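Welcome, and thanks for taking a look at this one with me. Have the model open in your viewer as you read, so that you can follow each helix pair and residue in turn.

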Amino acid sequence: MIQCIKQLKTAFGLAFLWLVCLIYFTQGFRSFVWTAVSYQLKDRLKLSPSASQFVFSVSFFPWSIKPIYGILSDCIPIKGKKRIPYLVISTVMSLVPWLILGINASTRSSIWHLMILLTLQNLGSAMADVVVDAMIAEAVRFEKASFAGDLQSLSWLSMAFGGVCGSLLGGYALTNLEIDIIFLLFSILPAIQLFSCGLVEESSMGGEVLSDFCISSDSHHLNGKVNDLDEDSSLEKKSNVSTRKRKKIQKKSKKTQLTRRKAQTLSPGKGKSLPLLWFLSLKYATYNLCRAFKQPMILRPMAWFFLAHVTVPNLSTVMFYYQTEFLKLEASFLGTVRVIGWLGLMLGTFTYNQYLKKMKLRRILALTHIGLAFLNLFDVILVSRTNVAFGVSDKTLVLCGSALSDAVNQFKFMPFLILSGQLCPPGIEGTLFALFMSINNFGSTVGSFVGAGLASILNISSGSFDNLLLGINIQLFCTFIPVVLLFLIPKEATGIA
């Protein structure tokens, strides 16, 4: 591992490597502060489980529109640079909300102020995630493609390490520190990230991107007109087709060459205003993205992954209330549960790569949802208090359920990542992959809204969990709905092809 890091340092530079690892570590370490947010909503604001889940759903919505950030950074450079300026902006948006929440007590006490600031913070985090992914893709493509796997592995390892540290320290901090201090402590990481952005150099692109777009769009536009003219002329004068065709081809070639010469000398200040060029570039990128996404081979699998989230109500916030208020589980123990969850996630990744990746994708996903339904029985046993009758402690059941559910969920997420990468057509891989991830995130958000609605309908509130068992049974039944929809997944697809 040390040798691998040394090779990556030589290939990409220490500053770039540090920035990538820091951003991914911060993404994982977010569990440190979001545990405090959960307790702020429950204990200080006295929100019901459904209201708390609604706040989380709205706050995490920026993760569902990640392609917008990718298109903006690709098409609208800031002072000729596409990545670092956007990374600075996103880091500031990640930093400022935590400082405000840590310093100003009134913002922590207002549900609307808190929700707005948390949404802004997630907007910054999601944008940083997209930009750093683009930076990794560019660095690998232009410099050292042979290190692609090593760089991605180091990124995921940094995030996993951040998740473990954040979960461990988060439980300890909640026991020994005030929530405002936790917010201020976490803001140190975005502050370091902001400083680190200045250590990475990015070459100025000037008007290259915009000029390239003008070349492609103007040439395509003129060529289309010439083609239309050829077709009209051939219909009108069929007798001289061959002669006219040769002349048309010659004229077309000359006009195309002339257009390319003009386009190559075009700058943002000549012929077209800079805002117009930005608009055309955004329009072109959006058109290509929509055209690719409409293909059935892409649309159908993505529809399944979206529906797999939407059709299963997410009751995680309700269970958090139940565990802390009814079972009286401590914050430090819940931090340990999240650590176990991260370890289960890594175990699931290893198991998938070793034993499941060559299996038919439909079978993998079917077994995954059957496994998730089985693990829902852990919650049924916990809420019905059946475990007490058999002498099994609540903590043991919660720990086992957390580790196994994260591991099994990874069996669904890994095929999603692999299938997404394979479905991306050349040229728009980064933006389309961001769209796939946004679909997954948006499905999770909608699933959380559905869970909040279900909790509200069943009148599940803080201190009143009489209908929680019914809610979990509904969730258990809904877990089988995605299995019925597996016809949307390509029949011969496997976990790797």
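Leaving aside its neighbours within four places in sequence, which residues is S125 in contact with? The answer is Q27, R30, W63 and S94. Please keep in mind throughout that this is a predicted model.

## The overall picture

Let us start with the whole protein. It has 23 helices and zero strands. Of its 497 residues, 50% count as buried. The exposed area comes to about 24100 Å², and carbon and sulfur atoms supply 66% of that area.

The contacts reach across the sequence as well. Taking contacts between residues at least 6 apart in sequence, 85% join residues at least 24 apart.

## Two polar residues of helix α8

S125, from the opening question, belongs to helix α8. Is S125 buried or exposed? With a relative accessible area of 6%, S125 counts as buried, because the cut-off for that class is under 20%.

Q121 also has its place in helix α8, which covers residues 111–142. Its relative accessible area is 2%, and Q121 is buried. Not counting residues up to four places away in sequence, Q121 touches R30, W34, M93, S94, P97 and W98. R30 and S94 are thus among the residues that Q121 touches, and R30 and S94 also appear among the contacts of S125.

## Helix α11 and its two partners

Now for helix α11, which spans residues 188–197. Its axis and that of helix α6 (residues 84–103) come within 9 Å and cross at roughly 165°. An angle over 145 degrees counts as roughly antiparallel, so α6 is roughly antiparallel to α11. The crossing of α6 past α11 is left-handed. On the α6 side, I84, L87, V88, T91, V92, S94 and L95 make the contact, while α11 brings P190, A191, Q193, L194 and C197. Sorted by class, these residues give nine nonpolar, three polar and no charged. S94 is one of the α6 residues in this contact, and S94 is also touched by Q121 of the α8 pair described above.

The other partner here is helix α2, residues 14–29. The axes of α2 and α11 come within 10 Å, with a crossing angle of roughly 160°. The two helices are therefore roughly antiparallel to each other, and α2 passes α11 in a left-handed crossing. From α2, the contact takes W18, L19, L22, I23, F25, T26 and F29; from α11, it takes L189, I192, Q193, S196 and C197. Which classes do these residues fall into? They divide into nine nonpolar, three polar and no charged. Q193 and C197 of α11 take part in the contact with α2, and Q193 and C197 are also listed for the contact with α6.

## Helix α3 against helix α10

Next comes the pairing of helix α3 (residues 31–44) with helix α10 (residues 179–186), whose axes come within 10 Å and cross at roughly 155°. How do they run relative to each other, roughly parallel or roughly antiparallel? They are roughly antiparallel, because their crossing angle lies over 145 degrees. Here too there is a left-handed crossing, with α3 passing α10.

F32, V33, A36, V37, Y39, Q40 and R44 supply the α3 side of the contact, and I179, I182, F183, L185 and F186 supply the α10 side. By class, the set divides into ten nonpolar, one polar and one charged.

## Residues that meet across the sequence

L361 makes a good stop for anyone interested in distant pairs. It lies in helix α18, residues 361–384. With a relative accessible area of 1%, L361 is buried. L361 and A493 are 132 residues apart in sequence, yet their C-alpha atoms are 5.5 Å apart in space. What else does L361 touch, not counting residues up to four places away in sequence? Along with A493, the list holds P415, L419, I489 and T494.

A51, in helix α4 (residues 49–59), offers another such pair. A51 and S456 are 405 residues apart along the chain, and their C-alpha atoms are separated by 8.4 Å. The relative accessible area of A51 is 25%, and A51 is partly exposed.

Notes. Residues numbered from 1 in each chain as written. Predicted model: local features only at pLDDT ≥ 70, side-chain atom pairs only at ≥ 80, totals over all residues. Heavy atoms only, no water. Axes fitted to C-alpha atoms, helices over the stretch in contact; angles between N-to-C directions. Helix = DSSP H or I, 4+ residues; strand = E, 2+ residues; numbered from the N terminus. Parallel < 35°, antiparallel > 145°, perpendicular 65-115°, else oblique. Left-handed = near helix turned anticlockwise from the far one by under 90°. Contact = heavy atoms within 4.5 Å. Nonpolar A, V, L, I, M, F, W, Y, C, P; charged D, E, K, R; others polar. Buried < 20%, exposed > 50% of the residue type's maximum accessible area, 1.4 Å probe, protein only. Areas by Shrake-Rupley, 256 points an atom, 1.4 Å probe, with all protein chains shown as cover.
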